[in-house]
Amino acid sequence: MLEINNLVKHRGTHEILSGISFKARPGRVTGFLGPNGAGKSSTLRILLGLDRATSGSALINGKPFAELHNPLATVGASLDGSGAHRKRTGRAHLRWIARAAGLPNSRVEEVLEIVGLTDAAGQKVGKYSLGMGKRLGMAAALLGDPQILVLDEPVNGLDPEGIRFIRTFLRERAESGNTVLLSSHLMGELAETVDDVVIIKHGKIVADGTLEQVIGNHSSLEEAFFALTSEKAGDTV
Amino acid sequence: MRVPSSKKITLILGAELGKLITLPLTWLTLIGTFILNLFLAAAFTSVGLQETAGTQSILNIGLASMGYLQAGFIILGILAACSEYTGGQIRTTLTTVPWRGLQLSLKHLALAIVTIPAAFIIAASGVFYTFIRMRDTATGLEIDTMLAAIAGATGYLTLTTLLSAAMGALIRRTTPALVILLGYYFVVSPLTRDLLPGLKRYLPDTAGSYMYMPLSSEEVNVLTALQGTGILMLWTLLFIIVASIFYRRRDA
């Protein structure tokens with residue numbers, strides 16, 4: 001379970017997040033939507049302990065990220081880009097992560113196989129395409145076989161095959177009881193993957209509910225999204 | 001914050017070592033420094049061959065390249081710290097090991113583990129080269145003095161590397177960190193030595209140089225090797241502590 005409680009983030013005089021709250025529950029894929037600059041990445045970064053909240057809390061199974069006993073086995077995270085040094089090989093990158101968590105090198109080979117990067121694992125990350133970098137980030141997130149996945153724009157830059165893989169994979173993870181929180185701006189992909197939707201605009205939550213609740217009377221998630229995030233849009237759903 | 005167990009500490013140290021040794025730039029820097037040092041040792045020895053050789057002159061000539069050689073170790077320290085900020089690796093590091101103070105300390109320890117043997121080999125190679133070239137004219141060689149000077153040089157280079165890594169962690173970007181540190185070591189410090197000679201005893205590089213420099217009877221107010229070690233160690237610790245405070249408080 002992921003719980004965001006009244007989260008506020010200031011950067012200089014600018015308020016990035018204005019007291020947002022929502023939950024991502026086990027067994028469900030929660031889509032976190034919003035226009036660029038709405039505060040999606042800031043929320044995920046605070047949740048993962050990368051940025052500090054000005055006030056409020058972001059908890060993972062009731063604890064802040066830094067208090068998790070075994071972070072890699074609890075939360076798998078993939079943010080923008082590969083998260084790897086471009087001069088290191090994909091395999092070497094995954095191996096240092098595995099070593100830090102006490103996982104064997106055989107697990108590295110397993111996740112490389114899962115994301116389809118086995119053949120490219122000996123190449124330097126700098127030679128990877130955008131999609132391969134995403135797959136490497138996903139492989140790192142899966143290393144500890146975590147109960148929770150937090151993914152920032154997981155399908156952005158992937159080819160149709162990659163998008164289909166992620167969609168199927170995330171659905172399977174959720175159906176086996178895991179928690180999945182993903183941010184995206186690709187409505188079509190999201191509508192086929194998520195159970196719950198949270199929409200953020202200018203650092204405030206403007207919609208939070210099941211996919212059906214958020215779509216409401218609109219013809220699609222995309223319609224609902226634009227209705228809720230256009231400058232004239234008003235109250236929370 | 002939960003304090004990780006000793007097993008976890010060993011695992012994190014292993015991961016930090018893994019990061020360092022799988023970074024090609026680490027090896028390029030060390031090999032480049034080794035080769036450059038041998039060239040410098042050859043040049044200084046050619047000049048020195050005209051003098052009478054003894055333990056002190058072999059050490060003076062063999063370690064004469066230290067001033068230039070330290071640049072390689074400054075680069076190594078900065079690369080170790082700033083490589084975290086390439087490709088967003090810092091996010092992976094902190095989502096794998098969110099205990100920031102501990103992680104940064106273990107990164108410095110891993111860097112010391114890699115640096116100590118490398119610094120010893122590089123410093124000793126310069127002295128050994130000079131010894132080989134000058135052995136025919138050398139008289140009364142004192143092995144203990146030579147080993148102490150090489151150990152001192154190893155300590156100096158290791159502490160300088162750690163100080164540079166702390167500076168890298170503070171600044172987070174390779175080029176500005178290089179400009180600041182190389183600017184200090186190769187411009188500001190030499191100028192200060194001439195303009196404010198009294199400061200020589202307190203600056204990290206000049207005080208640290210007494211760790212390996214043979215004592216000269218002509219100089220007044222010199223430091224012992226132990227005092228030099230203490231002052232450089234204090235500077236290094238100070239930078240690591242400041243870097244650690246910022247590292248723990250700042251957004252990654």
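Strand 1 (residues 2-11) of chain A pairs with strand 2 of chain A in the antiparallel sense, over eight bridges. Where the two face each other, Arg11(A) stands opposite His14(A) in strand 2 of chain A. Keep in mind that this is a predicted model.

Zoom out a little and the pair turns out to belong to an open sheet of three strands in chain A, with the order 2-1-4 and antiparallel pairing. Its edge strands are strand 2 and strand 4 of chain A, each of which pairs on one side only. From one strand to the next, the twist averages 20°. As a bit of background, strands of a sheet pair through backbone hydrogen bonds, either parallel or antiparallel.

What lies across these strands? That's helix 1 of chain A, which crosses strand 1, strand 2 and strand 4 of chain A. Helix 1 runs at about 115° to strand 1 of chain A.

Here are the elements of chain A met so far:

| Element | Residues |
|---|---|
| Strand 1 (chain A) | residues 2-11 |
| Strand 2 (chain A) | residues 14-24 |
| Strand 4 (chain A) | residues 55-60 |
| Helix 1 (chain A) | residues 40-47 |

What does the record say about chain A? An unreviewed UniProt entry lists residues 2-227 of chain A as "domain: ABC transporter". In the model, that span is 35% helix and 27% strand, and its end C-alpha atoms lie 27 Å apart.

Now over to chain B. Helix 6 of chain B (residues 100-134) has 35 residues and reaches 50 Å from its first C-alpha to its last, close to the 51 Å expected at 1.5 Å a residue. Still, helix 6 of chain B bends by about 30° at Thr115(B). A proline, Pro117(B), follows within four residues of that bend.

Conventions:
Residues are numbered from 1 along each chain as its sequence is written. Chains are lettered from A and ligands numbered from 1 in the order in which they are written. This is a predicted model: local features need pLDDT of at least 70, side-chain atom pairs count only at pLDDT 80 or more; totals for chains, interfaces and linings use all residues. Two strands pair if DSSP finds at least two bridges between them. Axes are lines fitted to C-alpha atoms, for helices over the stretch in contact, and angles run from 0 to 180 degrees between N-to-C directions. Two residues are in contact if their C-beta atoms, placed from the backbone, lie within 7 Å. The expected span of a helix is 1.5 Å times one less than its number of residues. The bend at a residue is the angle between axes fitted to the seven residues ending there and the seven starting there. UniProt positions are given in the numbering used here, feature names are shortened, and annotations may be inferred rather than shown by experiment.
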